[in-house]
Amino acid sequence: MSYKRAILARGLGTFVLNCVIVFFALAPLLWGFSSSIKPTDQILKVPPEIIPSEVTFAHYRTLIENDVFRYMGNSAIVSAATVLLCLGIGTFAGYALSRFAFRGRNFVMVVVVTVMSIPIAALLVPTYTLIANIGLLDTRTGLVLLYTAYELPIVIWIMLGYFNTIPRQLEHAAMIDGYSRFETLRRVILPLTGPAMIASGLFVLTSAWNDFVVAVVMTSGQAVRTLPVAVYFYLGFFGREWGPLLAASMVSMAPIILIFILFQKYFVSGVTGGSVKG
Amino acid sequence: MRIFPSLRGKGADDGGEAFAMRLVAPALLIEFLFVFLPLTLGVYYSVHTVRYFQVGAFIGLDNYVGVLTSPAVRNSFVVTAIFALGSLILTFTVGLALALHLERDGRMQVFMRAVVLVPYIISMLVGSLLLRWVLSQDSGVPQAVLGPFGSSGFSIFANSTSAMGALTYNAMWRDAAFAMILLLAGLKSIPLELYAAARVDGASAWYRFRRLTLPLLKTPILITIVRLLMHFINSLTFQLILTGGGPANTTETIALRTFRLGFEDYALGRANALSFVMFIFNVILISVLIHLFKPGEKLR
């Protein structure tokens with residue numbers, strides 16, 4: 001009897017602990033959302049209402065009046081282009097590193113691991129210096145190229161690991177059938193890489209969509225401003241007017257959370273920089 | 001430096017040298033142009049007088065001496081050390097606790113892992129902005145929590161100790177899940193039979209943790225610590241959004257100082273010098289990390 005009670009108590013303890021964890025992890029997001037749909041005078045009410053008694057989308061309308069769609073469009077274009085470029089270049093490089101004992105392979109591996117580890121903040125000022133000198137300041141192209149340079153190593157690493165799990169016999173067979181090396185890669189190997197493409201693509205997409213520090217340094221005009229930079233400028237513009245600020249946070253966060261819910265299992269491999277299970 | 005095993009004689013295709021080089025060339029070009037070239041240019045700027053973008057006379061290490069003797073920079077070193085160590089200890093502890101708590105693959109554990117990952121996957125900017133809202137007087141939280149202690153007028157961001165505490169909390173809130181994921185990968189690789197055997201031998205839970213889990217987790221723990229440390233030393237968004245370096249620069253870290261030197265004062269010579277100092281420090285940490293990684297073993 002006491003044994004059963006001990007198990008019950010333990011289960012209850014775990015449950016309470018889990019509730020505490022959920023509260024600390026998600027409360028800022030949920031409360032941010034509930035405040036973003038409150039009328040301005042209700043937001044600052046003390047004690048605060050957890051569930052708003054009066055719902056309004058005025059703050060979201062304020063954002064629309066302040067060009068939020070343009071910034072979202074910029075973020076979407078830059079993120080999509082980065083994903084395409086990263087996958088295009090990274091897949092080929094990963095394949096070469098997985099299959100061929102070429103001269104300089106060790107050097108390329110050192111470059112990949114080094115760039116994967118260099119924190120972007122240490123590069124900001126030198127990179128700004130370069131980008132300004134070659135006329136890519138304040139362009140979407142500049143952002144795409146920089147994001148590609150920063151995210152490429154993780155794509156190469158994930159693809160490399162995945163190619164290593166594909167048996168070489170496949171290529172041998174294809175080449176006996178008369179395929180060239182490139183045809184073998186394109187027709188036999190690439191169609192098998194779906195899961196690794198999705199995992200690395202999602203990782204790049206999230207990083208590019210979320211990036212703030214690179215974009216805030218490399219762009220200044222409204223024409224190419226991305227969503228996170230826009231949120232930062234809203235912070236300066238709206239100050240302590242929390243309604244539009246919280247609404248902007250929700251707009252920036254929503255697509256990422258949706259993708260995370262849909263593709264959860266692919267996310268972890270990007271974080272660990274490790275293997276993908278097909 | 002040959003730290004990666006060669007593929008030669010291991011069934012690799014030796015004939016495709018030219019083909020392989022063509023495949024890696026675009027990646028190498030991009031990394032060279034946007035990572036290594038900026039660093040070179042940065043070093044060049046750092047040893048010259050620079051007025052906006054006009055590179056002037058060669059002045060040797062004057063920019064370095066200038067930044068390293070500046071009180072603001074020295075202050076930022078101390079602030080960075082406090083922030084990085086405090087955040088490391090807090091984040092690592094919570095991350096390890098989460099990893100141990102959510103180790104098994106039950107439905108509940110998988111769900112909980114997803115929940116704690118949410119602060120990590122959203123943008124740092126948004127996360128810090130939300131915490132800034134929660135911790136500000138405007139939200140009513142500080143008043144509600146501190147009110148009973150008779151200090152409802154207390155502003156978290158106006159006091160240097162509590163501002164640093166808020167920053168550290170922000171770091172933990174976001175990155176504990178990152179530490180958890182890295183440590184979970186390590187925990188998964190420990191064979192369950194070892195625990196079963198220890199249990200048969202009558203080892204207590206604490207003894208199993210102390211004598212089995214910790215020693216076998218040594219490399220993942222070290223990797224996690226180095227990666228967290230690098231991340232915190234270089235973090236910019238937390239400070240820029242949550243505290244803005246305030247009050248009175250008591251939360252202004254090196255990354256934020258460099259940012260201001262470069263993009264508010266436009267002192268590109270000095271900012272590049274400070275960036276390079278930071279870079280050298282990172283290289284030391286990276287070389288530690290590469291040796292811990294032993295990627296060759298994971299290649300196969």
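Patches are made of residues with over 30% relative accessible area and no salt bridge, nonpolar side chains being joined within 5 Å.

**View 1. A nonpolar surface patch on chain A of the predicted model**. Six residues, Leu12(A), Phe15(A), Val16(A), Val20(A), Phe23(A) and Phe24(A), make up this nonpolar patch on the surface. Together they present about 620 Å² of accessible area. One of them, Leu12(A), belongs to helix α1, which covers residues 2-36 of chain A. Leu12(A) counts as exposed because its relative accessibility is 57%, and the cut-off for exposed is over 50%.

**View 2. The surroundings of Ser87(B) in helix α3**. Ser87(B) lies in helix α3 of chain B, formed by residues 71-101. With a relative accessible area of 0%, Ser87(B) is buried, since that term applies under 20%. Its side chain comes to 2.7 Å from the backbone oxygen of Phe83(B). When neighbours within four places in sequence are left aside, the contacts of Ser87(B) are Phe92(B), Thr168(B), Ala171(B) and Phe232(B).

**View 3. Two annotated transmembrane spans of chain B**. An unreviewed UniProt entry assigns the feature "transmembrane region" to residues 21-45, 77-102, 114-135, 176-198, 219-242 and 273-293 of chain B. Among these spans, residues 77-102 are 96% helix and 0% strand in the model, with 36 Å between the end C-alpha atoms. For residues 176-198 of chain B, the helix content is 87% and the strand content 0%; here the end C-alpha atoms are separated by 29 Å.

Note on methods
Residues numbered from 1 in each chain as written. Chains lettered and ligands numbered in written order. Predicted model: local features only at pLDDT ≥ 70, side-chain atom pairs only at ≥ 80, totals over all residues. Heavy atoms only, no water. Helix = DSSP H or I, 4+ residues; strand = E, 2+ residues; numbered from the N terminus. Buried < 20%, exposed > 50% of the residue type's maximum accessible area, 1.4 Å probe, protein only. Polar contact = N/O pair within 3.5 Å; in protein donor to acceptor, adjacent residues only side chain to side chain. Contact = heavy atoms within 4.5 Å. Patch = residues over 30% accessible without salt bridge, like charges linked within 9 Å, V, L, I, M, F, W, Y side chains within 5 Å. Areas by Shrake-Rupley, 256 points an atom, 1.4 Å probe, with all protein chains shown as cover. Salt bridge = Lys/Arg side-chain N within 4 Å of Asp/Glu carboxyl O. UniProt positions renumbered as here; feature names shortened; annotations may be inferred.
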